[in-house]
Amino acid sequence: MLSLYVDLALGLVLSFLLLSLLVSGLNEAFVRLLAIRSKFLWAYLRDTMDGSDKEGRSWLPASVREVFAVLPFTRDPRPRHSDQPAPSEAGELPAKETKGEDAMINLLYQRVREIDHPKQGRTSIANLPPGRFATAVMELAAAEDGGVEGLLAKLKAMGSPLHGHLLGVWESAQRDMERFRTGVETWFDGEMQRLSMLYRRYVKWVVAALGLVVTLVFTMDGLEYAKTLLRDNAFRASVTAVAESGPDAYGELKARCESADPMPCITDTLSQPALVKVFDHALVSLSIPEEGDPAVHWNGATWWDRLTTLSHWPGYLMTYVALLFGAPFWWDVLRRLTGIRSRR
């Protein structure tokens, strides 16, 4: 009895892991297509270094709608890409800056553009290492008369929000250059961690929406799937074999097929294991025969009938909630159930 429920858990965990990986892949494709991660970083850098835009608005989005409707399409905060190497010396800051001049962000981009490649004419940098940012600040300071003191004076005259941050770090470092560089690196690393937390808070809404779409498109009824695993021993054994890869996992399959030629029967059963049948009720399904070309099947009528059957909705809810936990969670559960050790 214990083995039965362990196999049931394995089957459910594997199916949830498979669907969670699909959600994660779609989410990553969506984020990369719109370059949201890169735009999020440069929106923060613009707010921190140059302040608000010409209209006095913050670059960093303040709502889910701004993240996925405004930021990707109407207000691109990224600097224009340049294929030139960084100048041998950093440029000097202007004595004053008007809104929309973006002097600081352009000077920063000059110092880091060696690690860049273009994407639709803009920078694609989505991660700026704290050490590289600290080095860029030191290079900007070296270009000013008076070093760090001169840089801070220019930032104050320009009205840059970066002035307050660097001034605090400079005073804490007791005006020691090495300690100042380390302090800037530590401060920026903390800012990037907080920015990552804010980014994940917004992106989780995309994951939630994609999880709902995947659940409904594949009409994955978790309760119905669990019943199938409990009632069909060979069906359950086929999916358990995926996780355990042990010879005993095929015992039930042999018992089911002993009345006929065992090998063709087992091959036929494993050609559509429980994991593959997760997708059998999808809007579009794919079959790959032993001979011939793969075939795509439109299951519109069957899919709509399942979708509009209220008895399936508790199972859909179970699947949807499971997908919200994410692929890393289900991989960890699978690893604990099977004893798979993570690589180090």
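A residue is classed as buried when its relative accessible area is under 20%. In the predicted model described here, Glu191 has a relative accessible area of 15% and is therefore buried. This residue forms a salt bridge with Arg194, in which the closest N and O atoms are 2.2 Å apart. Both partners belong to helix H8, where three residues, or about one turn of the helix, separate Glu191 from Arg194.

In total, 13 salt bridges were counted. A second pair within one helix is made by Arg336 and Asp332, with a distance of 3.0 Å between the closest N and O atoms. Helix H15, which spans residues 327–338, contains both Arg336 and Asp332, and the two are four residues apart, about one turn of the helix. Arg336 is exposed, at 64% relative accessibility, whereas Asp332 is partly exposed, at 24%.

The salt bridge between Arg122 and Asp76 has its closest N and O atoms 4.0 Å apart. Arg122 is located in strand E2 (residues 122–123), while Asp76 is found in the loop between helix H3 (64–70) and helix H4 (103–112); the pair therefore ties together parts that are 46 residues apart in sequence. Asp76 is partly exposed, its relative accessible area being 22%. Salt bridges also link Glu28, Arg32 and Arg37 in a network.

Arg37 appears again in the lining of the second largest pocket, which has a volume of about 250 Å³. Two elements, helix H2 (36–49) and helix H8 (177–217), each give two or more residues to the lining of this pocket. Helix H8 provides the largest share, with five residues. By residue class, the lining of the second largest pocket comprises eight nonpolar, two polar and two charged residues. Among the lining residues are Phe40, Leu41, Met192, Leu195, Ser196 and Tyr199, together with Ala126, Asn127, Leu128 and Pro130. Arg200 is also one of the lining residues.

On the surface, a nonpolar patch is formed by Leu317, Val321, Phe325 and Phe329, which together have about 380 Å² of accessible area. Val321 is placed in helix H14, which covers residues 313–324. The relative accessible area of Val321 is 37%. Because membership of a patch requires over 30% relative accessible area, Val321 can belong to this nonpolar patch while being classed as partly exposed.

Key. Residues are numbered from 1 along each chain as its sequence is written. This is a predicted model: local features need pLDDT of at least 70, side-chain atom pairs count only at pLDDT 80 or more; totals for chains, interfaces and linings use all residues. Side-chain values use heavy atoms; hydrogens and water are left out. Patches are made of residues with over 30% relative accessible area and no salt bridge: like charges are joined within 9 Å, nonpolar side chains (Val, Leu, Ile, Met, Phe, Trp, Tyr) within 5 Å. Accessible areas come from the Shrake-Rupley method with a 1.4 Å probe; for residues, only the protein chains shown count as cover. A salt bridge is a side-chain nitrogen of Lys or Arg within 4 Å of a carboxyl oxygen of Asp or Glu. Buried means under 20% relative accessible area, exposed over 50%, partly exposed in between (1.4 Å probe, protein chains only). On a 1 Å grid over the protein atoms alone, a cavity is a set of points where a 1.4 Å probe fits but cannot get out, and a pocket is an open set with protein on both sides within 12 Å along at least five of seven lines; lining residues have an atom within 4 Å of a point. Grid points are joined across faces, edges and corners, and a volume is the space filled by probe spheres set on the points. Ala, Val, Leu, Ile, Met, Phe, Trp, Tyr, Cys and Pro count as nonpolar, Asp, Glu, Lys and Arg as charged, and the others, Gly among them, as polar.
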